[in-house]
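This report walks through a structure for a reader who has not seen it before. The sequence and the model come first, and the description follows.

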Number of protein chains: 2
Amino acid sequence: MDIDLTATEENYLKAIYKANESSSSLASTNTIARYLSTSAASVTDMMKKLSQKNLVIYQKYHGVKLSQEGSRLATALVRKHRLWETFLVEKLGFSWEEVHDIAEQLEHVRSNELVDRLDQFLDYPKYDPHGDPIPSADGKFTLRERIALSNLSIGESSILVGVKHHDKVFLDYLNQNRINIGVTMNILSKSLYDHSIRVLIENETEILVTDETAKNLLVRKLSAD
Amino acid sequence: MDIDLTATEENYLKAIYKANESSSSLASTNTIARYLSTSAASVTDMMKKLSQKNLVIYQKYHGVKLSQEGSRLATALVRKHRLWETFLVEKLGFSWEEVHDIAEQLEHVRSNELVDRLDQFLDYPKYDPHGDPIPSADGKFTLRERIALSNLSIGESSILVGVKHHDKVFLDYLNQNRINIGVTMNILSKSLYDHSIRVLIENETEILVTDETAKNLLVRKLSAD
DNA sequence: AATTATTTTTAGATAAGCCTAAATTCTTAT
DNA sequence: ATAAGAATTTAGGCTTATCTAAAAATAATT
């Protein structure tokens with residue numbers, strides 16, 4: 001039932017998946033090339049190949065999107081990636097900024113049995129260490145409401161449930177400020193000038209975050225109490 | 001400090017490692033080709049390449065062996081492979097005949113940190129699910145005496161500590177007879193005709209094994225009691 | 001609407017890893 | 001000691017995934 005793809009083909013599928021996810025229109029050749037740090041020419045080549053295999057719907061000069069089958073495979077990859085990240089953090093004690101590159105390799109290991117047993121071993125987690133949803137074996141996501149911290153009003157309380165970007169520099173910054181998935185964040189005040197926000201973390205420490213940062217912090221609002 | 005090798009190069013190193021291990025003389029091109037299911041011509045190509053990188057000592061027409069650095073890398077691979085096999089069996093509940101192919105993939109994941117944390121997570125195991133020694137981070141093996149069951153005399157008791165071959169058919173056969181690492185094996189009698197042996201497993205069940213099978217079962221003798 | 005700029009595709013090359021067939025070297029047997 | 005046989009290497013090609021440079025198509029601007 002599962003086709004055997006090379007790691008490279010899988011990476012292209014994931015790139016298209018991400019591009020499709022974040023823009024709703026067709027993914028452009030350049031977008032994919034940029035994401036994979038490769039040339040536009042290489043992308044075109046691969047699009048022909050994946051199109052041949054019916055994994056993508058590709059219109060010359062106009063862009064590409066995943067077919068149903070391609071989407072299924074990409075979701076399976078996301079599942080693998082996020083399960084491995086969870087394993088690395090929960091079981092091996094890595095911190096969330098270290099796991100991406102390793103999971104990037106582990107996700108290409110071929111064995112459905114392995115993934116499903118890993119899922120079981122981790123007790124069927126619904127979210128990975130960055131707060132992103134982990135698709136179930138049949139490709140279903142458990143979504144939850146997440147709004148940017150920047151959208152909260154003064155006095156509102158929330159819990160951090162995700163981060164928009166996963167780059168090391170950003171995550172290191174969060175670590176330094178003891179900010180992790182699950183911490184409570186109360187809005188103390190907002191600057192009218194630059195929209196920076198004073199936030200109380202875990203009802204303990206107070207920090208100042210820029211508007212840009214606040215947009216990358218995804219929270220769940222707590223009902224006032 | 002670590003050179004980045006392709007998975008293919010790593011597989012060649014491992015093949016040479018195994019060949020060197022089991023024959024003491026130089027590994028021949030054909031031996032390696034057979035082991036990797038590839039052509040002799042491909043092996044020659046790769047030997048030139050690995051020789052260039054000083055990972056093997058290669059004499060045209062005469063064979064090849066690992067250099068010190070090649071040996072270090074091969075040992076690290078064996079370590080990874082056996083740790084992953086241990087993980088798959090101990091933590092994910094695979095049985096010993098299922099893990100080889102998956103570990104074969106996992107061993108190529110590049111991250112020293114990962115291997116060392118996995119080692120710690122597994123509580124620094126000294127032997128893998130097949131009873132083979134797992135090299136420590138600095139490449140040291142903890143060897144133990146193992147003799148073939150076929151060498152025991154009537155009346156002697158032993159514990160199974162390893163198997164010579166890892167092929168699925170053999171391991172499946174052992175599973176069917178409830179034979180696993182750790183079981184006790186008492187020699188009841190030996191046939192003078194075909195050297196087959198009647199063995200009492202775990203002081204419970206009695207089975208008949210051929211001489212061939214007995215040669216593949218590695219045991220530790222129990223002092224008579 | 002035409003021209004410029006940008007994006008994308010095509011064309012032609014390269015490197016890794018593999019193959020088969022032919023040539024070479026080593027081994028063995030007479 | 002030499003010829004036959006076996007093993008190994010070389011030569012020449014193939015595929016995948018990549019690249020740069022040139023050509024073609026689309027988008028943007030005046």
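## A contact between the chains

The backbone oxygen of Leu92(B) is 2.8 Å from a polar atom in the side chain of Arg117(A). Like everything described here, this comes from a predicted model. Arg117(A) is part of helix α6 of chain A, which covers residues 112–121. Leaving aside residues up to four places away in sequence, Arg117(A) touches Leu92(B), Gly93(B), Phe94(B) and Glu98(B).

## DNA strand D

DNA strand D is surrounded by 22 residues, and the closest are Ser42(A), Lys49(A), Lys48(B), Tyr58(B) and Lys60(B). Of the strand D atoms within 4 Å of the protein, 84% belong to sugar or phosphate, while the rest belong to bases. By class, the residues of the surface near DNA strand D are eight nonpolar, 10 polar and four charged.

Phosphate oxygens of DNA strand D have polar atoms of both chains beside them. In chain A, a polar side-chain atom of Thr38(A) is 2.7 Å from a phosphate oxygen of this strand. In chain B, an N or O atom in the side chain of Lys48(B) lies 2.6 Å from a phosphate oxygen of DNA strand D, and a polar backbone atom of Asn30(B) lies 3.0 Å from a phosphate oxygen of DNA strand D. Two or more residues of the surface near DNA strand D come from each of these elements: α1 (7–21) and α3 (40–52) of chain A, and α2 (29–36) and α3 (40–52) of chain B. The largest share, five residues, is that of α3(A).

## DNA strand C

Around DNA strand C there are 22 residues, the closest being Lys48(A), Tyr58(A), Lys60(A), Ser42(B) and Lys49(B). Of the strand C atoms that come within 4 Å of the protein, 82% are accounted for by sugar and phosphate. The surface near DNA strand C has eight nonpolar, 10 polar and four charged residues.

A polar side-chain atom of Lys60(A) is 2.5 Å from a phosphate oxygen of DNA strand C. From chain B, an N or O atom in the side chain of Tyr12(B) is 3.3 Å from a phosphate oxygen of DNA strand C. A base is also approached: an N or O atom in the side chain of Asp45(B) lies 3.4 Å from a base nitrogen of DNA strand C.

Which elements each supply at least two residues of the surface near DNA strand C? They are α2 (29–36) and α3 of chain A, together with α1 (7–21) and α3 of chain B. With five residues, α3(B) gives the most to this surface.

## Two packed helices in chain A

Helix α1(A) packs against helix α4 (residues 68–90) of chain A at an angle of about 95°, and their axes are 9 Å apart. The two helices, α1(A) and α4(A), are therefore roughly perpendicular to each other. On the α1(A) side the contact is made by Glu10(A), Leu13(A), Lys14(A) and Tyr17(A). The residues of α4(A) in the contact include Leu73(A), Leu77(A), Val78(A) and His81(A). By class, the contact of α1(A) with α4(A) has six nonpolar, three polar and two charged residues.

## The sheet of chain A

In chain A, six strands make an open sheet with antiparallel pairing, in the order β3-β8-β4-β5-β6-β7. At its edges are β3 (147–148) and β7 (205–209) of chain A, each pairing on one side only. Strands β4 (residues 157–163) and β8 (residues 217–221) of chain A run antiparallel and are joined by five bridges. Within this pair, Gly162(A) is opposite Leu218(A) of β8(A). Helix α7 (residues 168–176) of chain A packs on the sheet and touches β4, β7 and β8 of chain A, its direction making about 145° with that of β4(A).

Strand β6 (residues 197–201) of chain A is joined to β7(A) by five bridges, and the two run antiparallel. Ile201(A) has Thr205(A) in β7(A) as its bridge partner. The strands β6(A) and β7(A) form a hairpin with three residues between them, and Glu202(A) in the turn has a positive phi of about 55°.

## The sheet of chain B

Chain B has an open sheet of six strands in the order β3-β8-β4-β5-β6-β7, with antiparallel pairing. The edge positions belong to β3 (147–148) and β7 (205–209) of chain B; each has a single partner strand, so one side of each is left without a neighbour in the sheet.

Methods
Residues are numbered from 1 along each chain as its sequence is written. Chains are lettered from A and ligands numbered from 1 in the order in which they are written. This is a predicted model: local features need pLDDT of at least 70, side-chain atom pairs count only at pLDDT 80 or more; totals for chains, interfaces and linings use all residues. Side-chain values use heavy atoms; hydrogens and water are left out. A residue is near a molecule or strand if one of its heavy atoms lies within 4 Å of it. A polar contact is a pair of N or O atoms within 3.5 Å; within protein, one must be able to donate a hydrogen and the other to accept it, and residues adjacent in sequence count only if both atoms are side-chain atoms. Helices (H or I, at least four residues) and strands (E, at least two) are DSSP runs, numbered from the N terminus. Ala, Val, Leu, Ile, Met, Phe, Trp, Tyr, Cys and Pro count as nonpolar, Asp, Glu, Lys and Arg as charged, and the others, Gly among them, as polar. Axes are lines fitted to C-alpha atoms, for helices over the stretch in contact, and angles run from 0 to 180 degrees between N-to-C directions. Angles under 35 degrees count as roughly parallel, over 145 as roughly antiparallel, 65 to 115 as roughly perpendicular and the rest as oblique. Contact means heavy atoms within 4.5 Å. Two strands pair if DSSP finds at least two bridges between them.
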